[in-house]
Amino acid sequence: MRVGAGAANTHKAFKQLWAAFMSGMAAAALPPAKLAQQPAKLVFLGCPGVGKGTYASMLSDRLGIPHIAMGDLVREELLKSTPNAQKLKDLVNQGKLLSDDIVLNLLSSRLLRASENGEDGFILDGFPRTRSQAEILDQLTEIDLVVNLKLREDVLILKCLGRRICSGCGNNFNLADIDVQAENGHPRILMPAMLPPPTCASKLTIREDDTEDVIRERLRIYAQESKPVEDYYKQQNKLLDFDVGGGIPQTWPKLLRTLKLDTEDELKTQQL
Ligand SMILES: [Zn+2]
């Protein structure tokens, strides 16, 4: 289902999401009437490399709600030739964390555009990054559910090291073929490589900052930053921890199942 699909479908999707709440997953934190009346407003959290953008985008298609990625908003803004864009450019080039003011401005104007377009609900990706941003967001609107994607650090590092981008078409691939056997009660993690077609194979490039040291540092900073945000939503009974234990073909049905959004067709596929 896409944005603009029939209201009945949208309503059905929300009812399904509501059912997920009612099954006790998020301790039924919200009065059910609220979710039934309002479009779903979700936040996706997850460390770099976990596939947050991919799953947020797939779920936004499924629910027919926009996927609002802070990274995209910043990139769009950078393309403009306004004084604000120039300021932003300087900050980004210096590798500085963007202030709450800046990100909130970008987010507010995106949400305004959404309401003008008649878009319902959203999945936020890359925001909030801090507890204060989460608090401000709560003043703007009420978040229904926060999906926190998790993956073991050693596997994350292997995955990040395996990332390749085709300099020809810009598509992303992953050479890391991960198969970690089950141990100490942890399930097996199977994430097959996403290999490029022959036409791209000779044009693969590695992101300059995908070295092991940089990745470890990025994960350390992420863990430090995200803890207060996770705790904030945990206190509100809105945090859903979700283990990414495989590639997209394994993880996507599992995510739908967790959110009680899977259809009979998908259940059949999973049983094959
Ligand atoms: Zn290519």
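Here is a friendly exchange about the predicted model shown above.

Colleague: Before we start, which pLDDT do local features need in this model?
Modeller: Residues are numbered from 1 along each chain as its sequence is written. The model is predicted, and while totals for chains, interfaces and linings use all residues, side-chain atom pairs count only at pLDDT 80 or more and local features need pLDDT of at least 70.

Colleague: Thanks! Which residue of β3 is the bridge partner of Phe44?
Modeller: Helices (H or I, at least four residues) and strands (E, at least two) are DSSP runs, numbered from the N terminus, and two strands pair if DSSP finds at least two bridges between them. Strand β1 (residues 41-46) runs parallel to β3, joined by four bridges. Strand β2 (residues 67-69) also pairs with β3 in the parallel sense, over three bridges, with Ala69 opposite Asp125. For Phe44, the partner in β3 is likewise Asp125.

Colleague: Are the residues of β3 buried or exposed?
Modeller: A residue is buried if 20 or more other C-beta atoms lie within 10 Å of its own, exposed if 12 or fewer, and partly exposed in between, with C-beta atoms placed from the backbone. Phe122 and Leu124 point one way from β3 (residues 122-125), Ile123 and Asp125 the other way, and all are buried.

Colleague: Then how does Asp101 in α6 count, buried or exposed?
Modeller: Asp101 sits in helix α6 (residues 100-116). Its C-alpha atom is separated by 9.4 Å from that of Gln133, 32 residues apart along the chain. Because Asp101 has 8 C-beta neighbours inside 10 Å, it counts as exposed.

Colleague: Which strands are at the edges of the open sheet with β5?
Modeller: Three strands form this sheet in the order β6-β5-β9, with antiparallel pairing. Strand β5 (residues 163-166) pairs with β6 over three bridges, and Ile165 stands opposite Asn172. Pairing on one side only, the edge strands are β6 (172-174) and β9 (204-205).

Colleague: How are α4 and α5 oriented to each other?
Modeller: Axes are lines fitted to C-alpha atoms, for helices over the stretch in contact, and angles run from 0 to 180 degrees between N-to-C directions. Helix α4 (residues 70-78) and helix α5 (residues 83-93) pack at about 120°, with axes 9 Å apart. Angles under 35 degrees count as roughly parallel, over 145 as roughly antiparallel, 65 to 115 as roughly perpendicular and the rest as oblique. The two helices, α4 and α5, are therefore oblique.
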